[in-house]
Structure formats: C-alpha cells, structure tokens
Amino acid sequence: MVAKELIKAIENGEFDSNLKAVYVTDEAVEKQKPRYIEAISDFAELFGQDRDISVISAPGRTEVCGNHTDHNHGKVLAAAINLDAIAVVSKNADGVIHVKSKGHKMNVVDISDLEPKEENYGNSTTLVQGVTAGIKNLGYEIGGFDAYTMSDVMGGSGLSSSAAFEVLIGSVFSYLFNGGSISAVDIAKVAQYSENVFFGKPCGLLDQMASSVGTFVTIDFESTSDPVIKKVDFDFASSGHSLCIVDTGGNHSDLTDDYAAVREEMESVAKALGKNVLREIDYETFFKAIPELTDKVNDRAILRAIHFYNENKRVENAVEALEGGNFDAFKDIILDSGFSSYMLNQNVYTPKNPTEQKISLALAISAELLKGKGAWRVHGGGFAGTVQAFVPNDMLSVYKETIEAVFGEGTCHVLIIRPVGGHQVI
C-alpha cells in the first residue's frame, strides 16, 4: 500500500489485529495508531507519496534477573517490552540505504562500502552499515531501502534503545529482502557484531537477543560464541501485574569505573583460583577457597562472586517459576535478586558519592508500598538510573502517584512484556 491508502486502512481499523499481536491491549492499539500515521506521513513527505511501504517494529528490553552475570559467562533472564522502535520502509533501486530517524540527521550507507573504520566509531550510521555487513556475511540478500524511524524507547533508561534500533534494521533486511527468513538469533548476533566492530562498543549479546526474540528469554553465556538461548513462554498479561520502570535521575557521569569494577573484581576472584571468569569454577570450589581468597582479593570482590553464583541459580529458578505459571514464586526470586544486588553486588549507589542514593530511595519506597504484594529491584547496570517493580494492577495508580511525587511526573513508566521481538506489523 502507498501512504494515503495505509493511513486510511489504519484509521478504519483494518490493521487492529496486527497491532494487537504486538502491543497486546486494545488501549495500546489505539495509542499506537496516531504514532504509526505520523511515521507514515513523515516517510511520504520525505521519500514520496507513491511508495509501496511496510512498517516494522523492534522492542526495547528489560533485564528481569541475572544482574551483572553475563560478563563472567553467567545466566540472565530478560524480556521484550512494549516500548519500541518502528520503521516505515520501502525498497529502492539505488543500492543505497537512507535511514532518517525522527529528530536526527539522515544516515546514508552505500551497500558497496561495508568496511568498518575506526575513525567512524560512535556514529549511528555505522550501526546501519554494520548490520548490513553482518547480514551479507551470513549469505542473505541485501539491498537499498529508504526508512523513516521513530522510537519511544527512552535513551539512558537501561531499556536498550540502541539494541532496538539495531534489531530494527536487521528485521528490515529479513522482511524486505528475505521473506522474514532470518532467525531472531542471527539478527541479534548481527546487531551485536555491528555495535562491536563498526560502532566500537564492546557490548554483550543480552540486549540484542531480548529485543530480537521477544517475550521472556533466558540466555546462558557459558559459551560466549555459542550461548544457549531459550524462549520462556509466559502470558504476562494474565499475571495481574504491571511492570514499572522508575527513572530516579541522579548523576550518570563518571560511572565507568564503577561498572568496570564489578567485572574486574569478579574476574580477580577467578584469576586467584587459576581461571579467567567465575563460570569456569564451581561454587563449592570457590566457597571452600574463601579463607585463602581473603589474602588475595578485596572483600567486595568475594561478595560480588557470591552474588554471581547465587544469581545464576536465581535465573534458573525464575525460569522454572514462569514456566510453571507460579508468579508468586517468581516475585520472591526477584526480591532475592534485588537484595543480593543491593547487599553483595553493591551496585545501587556509587561509593564516589555515597550520600546520593536515589535508587536506594526508590527501592525503600517500593518496599513500603509493595511488601507482601509485589517485587522490586535495581534495574540494569545500577549505581544511578532505574529501578524495576512488578506492581499488582489494583495498586498501580497508588504506586505511580507516590513514586512520581518523589522523582517527578512521568518518571514511572508502566510497561507490559511484549510477546514478539523484531516483527513486520504492516
């Protein structure tokens, strides 16, 4: 369909079932319609009214359990969310990719030039270039296309806006040129490859995999080259809860050393025992070695190692609870995970500024409101930023009102777990 026809069809409800398959609720479908119409209109104004167009979506993600485990080859549980990046796309015959994201300059990639260049690190155009190269390297068809994108995945929120964009471009290639045949796993690996090799950021695979696969997904990184990925089927909409991500604000600057120290200290324990990462050492061997470790590594490193081992087990238990439909048990595991992150992993505030504890405050307020009813924990890397809470739906308005009275209007983002990953909606 061309833009005018597609807009009329959306207004008439002809794509409501397509939208509901992605966004779950009737309310969410109605909210998406103006957004889709805006994106289609902007595409038509930029690239022409007579183009045959499709609309593709890729979600942001939330880390559910497995806090700071992936870098030591551990286990994680993540999930796609209903915030997403969408692309209105159409093939062209130019062999050139044009991607215009709302509020940003045009990204232009010639598909005949797909070599990474260090001087271009950090430029968003390299993400498009890297995904294109990765798709080509896997033997799939590539080609030129024009795209207009917009995203409601908040940058800096720990919800992985960059991964959503990378998976979005990979999904465009899958649906536009390869009949939707590129697997979600391959798209995620290509997205990681793009960010590592072309963008110059040494990220793991968690964010991209959660975005690409959809719903809950658990990943075992024992082999980082061939991680074990499992989709966890659970109907979150039936749980009677909403997922809230609270942006506590705080100072995000100068936290690189804090993040690096978590990995380095876990690895220092492994190296003291003759290995590279904690996953190479079984828990019993580690625990028996604690007396000798106290003379070789700092105390916090040992605490963080205990967190790593127990967090891996919590991921297994959380998956089992979801698969068994036991959401109460799942919430208890999330609470244990949050307590461990707070007390052992110690990534709730930075020791550089110990009096600024906005995440701690959000967790304390959440505990007062949700004790015995919901679950709460630090979200993502920590030290500053967001907390995650599973809130009973009948308490949602009170929770949101109370938490926003402290951190500001619009800081509590009410989300749902999205059932699909990268997906052609129209």
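Which residues are linked with Asp-84 in a network of salt bridges? Arg-35, Asp-152 and Arg-418 join Asp-84 in that network, a salt bridge being a side-chain nitrogen of Lys or Arg within 4 Å of a carboxyl oxygen of Asp or Glu. The close-ups below come from a predicted model, in which local features need pLDDT of at least 70, side-chain atom pairs count only at pLDDT 80 or more, and totals for chains, interfaces and linings use all residues. Residues are numbered from 1 along each chain as its sequence is written, and side-chain values use heavy atoms, with hydrogens and water left out.

**View 1. Asp-84 and Arg-418 form a salt bridge.** Here the closest N and O atoms are 3.4 Å apart. Distant parts of the chain are linked by this pair: Asp-84 belongs to strand S2 (residues 75–91), while Arg-418 sits in the loop between strand S11 (412–415) and strand S12 (423–424), 334 residues apart. Helices (H or I, at least four residues) and strands (E, at least two) are DSSP runs, numbered from the N terminus. Asp-84 and Arg-418 are both buried; buried means under 20% relative accessible area, exposed over 50%, and partly exposed in between (1.4 Å probe, protein chains only).

**View 2. Glu-30 pairs with Lys-33 within helix H3.** Their side chains meet in a salt bridge of 3.1 Å, N to O. Both residues lie in H3 (residues 26–47), three residues apart, about one turn of the helix. Glu-30 is partly exposed at 46% relative accessible area, whereas Lys-33 counts as buried at 10%.

**View 3. Helices H5 and H6 cross in a right-handed sense.** Right-handed means that the near helix is turned clockwise from the far one by less than a right angle, left-handed anticlockwise. The axes of H5 (residues 161–177) and H6 (residues 184–198) come within 9 Å and cross at roughly 125°. Axes are lines fitted to C-alpha atoms, for helices over the stretch in contact, with angles running from 0 to 180 degrees between N-to-C directions. H5 and H6 are therefore oblique to each other; under 35 degrees would count as roughly parallel, over 145 as roughly antiparallel and 65 to 115 as roughly perpendicular, with the rest oblique.

**View 4. Glu-195 of H6 makes a salt bridge with Lys-201.** The closest N and O atoms of this pair are 3.7 Å apart. Glu-195 is buried, at 3% relative accessibility, and Lys-201 is partly exposed, at 40%. To round off the tour, the structure holds 26 salt bridges.
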